[in-house]
Every structure is written in C-alpha cells, then in structure tokens.
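This report describes one protein model, from the whole chain down to a single residue. Look at the sequence and the structure first, then read on.

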Amino acid sequence: MASQFHQLRILVWKNWLGVKRQPLWTLVLILWPVIIFIILAITRTKFPPTAKPTWDSSTWNSCDGRMTQVFSCISEEIDSRCRVVVAQ
C-alpha cells in the first residue's frame, strides 16, 4: 500500500516538473477547452435550436397491426390514412 502512494507521489512530482519546465504548453492545455467552449457558446446563442415536429403515429394506428398493411402505410403519403383491404 505504501509503495502505491510512493508511486503516486513520484508521478505527481514528475507532472509538476513538466508544468514548471513547459509553462507555455501548460497554458495551451488549459486554454484549449476554454476556447472551444466559448466558440460553442457563441454559436449556440447566434443560432438557437429549433424544435422539430414530432412524428405522427396516427397512420400506424390505423393499420390494424398487420405487417403487410404497415408496409403499405409506409408507402403511402404521410397525410393519408391506411386503407384496410380485405381479400375476398
């Protein structure tokens, strides 16, 4: 258990040395996500999301649950209702 904490301490120290030796790279690593977030926030405010109409399931409900009728409903226009054709 003590060796794991020792390894962690050494890794944290090594990381700190890298931060001290390369301050510009550290700054880039910190600012890069901030810049991306700002760009996304500005884009979001300039182009707000628009609500899309939900799918109308009334054409599916009128098909009586038979698979062949469902496929015929898909082929028809969205506004039309399915017609039940009974084989005689």
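The accessible surface of the protein is about 8700 Å², and 67% of that area belongs to carbon and sulfur atoms. Of the 88 residues of the protein, 9% count as buried.

The model is predicted. Its mean pLDDT is 78, and 61% of the residues of the protein reach 70 or more. Confidence is highest in one helix and lowest in another, as the table shows.

| Helix | Residues | Mean pLDDT |
|---|---|---|
| H2 (highest) | residues 23–46 | 94 |
| H3 (lowest) | residues 58–61 | 56 |

Where pLDDT is low, the predicted coordinates should not be read in detail.

How many helices and strands does the protein have? There are four helices and zero strands. Along the sequence, the pattern reads α-α-α-α.

Helix H1 covers residues 2–21. Does this helix lie in the open or is it buried? Of the 20 residues of H1, zero are buried, so the helix lies largely in the open. The length of H1 can also be checked. The expected span of a helix is 1.5 Å times one less than its number of residues. For the 20 residues of H1 this gives 28 Å, and because the end C-alpha atoms are 29 Å apart, the two values agree.

Next comes helix H2, which spans residues 23–46. The UniProt record, an unreviewed entry, annotates residues 24–42 as a "transmembrane region". In the model, residues 24–42 are 100% helix and 0% strand. The C-alpha atoms at the two ends of residues 24–42 lie 26 Å apart.

One residue of helix H2 is Thr 26. A polar atom of the Thr 26 side chain lies 3.0 Å from the backbone oxygen of Gln 22. Which residues does Thr 26 touch, leaving aside those up to four places away in sequence? Thr 26 touches Gly 18 and Val 19. Both Gly 18 and Val 19 fall within residues 2–21, the range of helix H1.

Technical notes: Residues are numbered from 1 along each chain as its sequence is written. This is a predicted model: local features need pLDDT of at least 70, side-chain atom pairs count only at pLDDT 80 or more; totals for chains, interfaces and linings use all residues. Side-chain values use heavy atoms; hydrogens and water are left out. UniProt positions are given in the numbering used here, feature names are shortened, and annotations may be inferred rather than shown by experiment. pLDDT is the predictor's confidence in each residue, from 0 to 100. Buried means under 20% relative accessible area, exposed over 50%, partly exposed in between (1.4 Å probe, protein chains only). Accessible areas come from the Shrake-Rupley method with a 1.4 Å probe; for residues, only the protein chains shown count as cover. A polar contact is a pair of N or O atoms within 3.5 Å; within protein, one must be able to donate a hydrogen and the other to accept it, and residues adjacent in sequence count only if both atoms are side-chain atoms. Contact means heavy atoms within 4.5 Å.
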